[in-house]
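Please open the model in a viewer and keep the selection tool at hand. The tour below proceeds stop by stop.

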Amino acid sequence: KKDGFFDSEAVLPIQMMDEEQESTTVRYHPENLEQLQSQTHFSRQELQLLYRGFKNDCPSGVVNEDTFKNIYALFFPLGDSSKYAQFLFNAFDKDKNGSLSFEELVCDLSVLLRGTTEEKLNWAFNLYDINKDGQITKEEMLDILKSIYDLMGKSIHPRLKEEAVRQHVRMFFQKMDINQDGVVTIDEFIDCCQKDENAMESLKIFDNSV
């Protein structure tokens, strides 16, 4: 859809809000474009075009979690995308108010499309850090990876059994948890991914799911 907020390469479209949500949501306009320009890798003209598409797809100006999940499911029909969409929404929703604004979406889109390696790794760490306590546990890493495999569904051949995913997490976690204290910090995460090509390769699965 050429006039929408996200093009076909981003694989994260924002569709029209339903009438009920539109009628109960205060209409909304983006804040200072110069400020957004300084916070992202987009030019003023690009931001204006993105907002025009966002308004077309989302006239009320915000996207709630249920709408986000429904949209995401359309683009991964071979699997169950609900859990991953929940984690992704949680990572996008920086102010934790239960809805995504244009600012939140465009800032994350900027990182995912044009960010540096370190910016993308910081974003990935935030995704894995489900409870946002500044560290990743094995359980959090397992939950994210399981949700990704559920998302890809029948497109993965052969289907991985849960024990194989757990083994992958154990190996991945052992590499990252440098001081062996049972959690991975942001510094450990970035350091491992920058030094270990296999770790970076594993993260490329996000190219297919974000």
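In which loop is the place of K132? Select K132 to begin, bearing in mind that this is a predicted model. The residue sits in the loop between α7 (117-128) and β3 (135-136). Its backbone deserves attention: phi of K132 is near 55°, a positive value in a residue other than glycine. With a relative accessible area of 27%, K132 is partly exposed.

**Second stop: Q180**

Next, select Q180, which is found in the loop between α9 (162-176) and β4 (184-185). Here, too, phi is near 55°, and Q180 is a residue other than glycine with a positive value. Is Q180 buried or exposed? Its relative accessible area is 53%. Because the exposed class begins over 50%, Q180 counts as exposed.

**Third stop: the annotated segments**

Now colour the ranges that UniProt lists, in an unreviewed entry, as "domain: EF-hand": residues 80-115, 116-151 and 164-199. Select residues 80-115: this part of the chain is 67% helix and 8% strand, and its end C-alpha atoms lie 28 Å apart. Then select residues 164-199, where the chain is 72% helix and 6% strand. The end C-alpha atoms of residues 164-199 are 17 Å apart.

**Fourth stop: the aromatic rings**

How many aromatic pairs does the structure hold? There are nine. To examine one of them, display the side chains of F68 and F89, whose ring centres are 5.6 Å apart. The planes of F68 and F89 meet at 65°, so the pair is edge-to-face. F68 belongs to helix α4 (residues 65-75) and F89 to helix α5 (residues 82-92), so the pair ties together parts that are 21 residues apart in sequence. Both F68 and F89 are buried.

Keep F68 selected and add F92. The ring centres of F68 and F92 are 6.1 Å apart and their planes stand at 85°, so this pair is also edge-to-face. This contact again runs from helix α4, which holds F68, to helix α5, which holds F92, and so ties together parts that are 24 residues apart in sequence.

Why do F68 and F92 count as buried? Buried means under 20% relative accessible area; F68 has 1%, and F92 has 2%.

**Last stop: the wider cluster**

Finally, extend the selection to F68, Y72, F76, Y84, F89, F92 and W123, which ring pairs link into a cluster. The pairs F68 with F89 and F68 with F92, visited at the previous stop, can be viewed again in this setting.

Definitions and conventions. Residues are numbered from 1 along each chain as its sequence is written. This is a predicted model: local features need pLDDT of at least 70, side-chain atom pairs count only at pLDDT 80 or more; totals for chains, interfaces and linings use all residues. Side-chain values use heavy atoms; hydrogens and water are left out. Helices (H or I, at least four residues) and strands (E, at least two) are DSSP runs, numbered from the N terminus. Buried means under 20% relative accessible area, exposed over 50%, partly exposed in between (1.4 Å probe, protein chains only). UniProt positions are given in the numbering used here, feature names are shortened, and annotations may be inferred rather than shown by experiment. Rings of Phe, Tyr and Trp (its six-membered ring) pair if their centres lie within 6.5 Å; planes under 30 degrees apart count as stacked, over 60 as edge-to-face and the rest as tilted.
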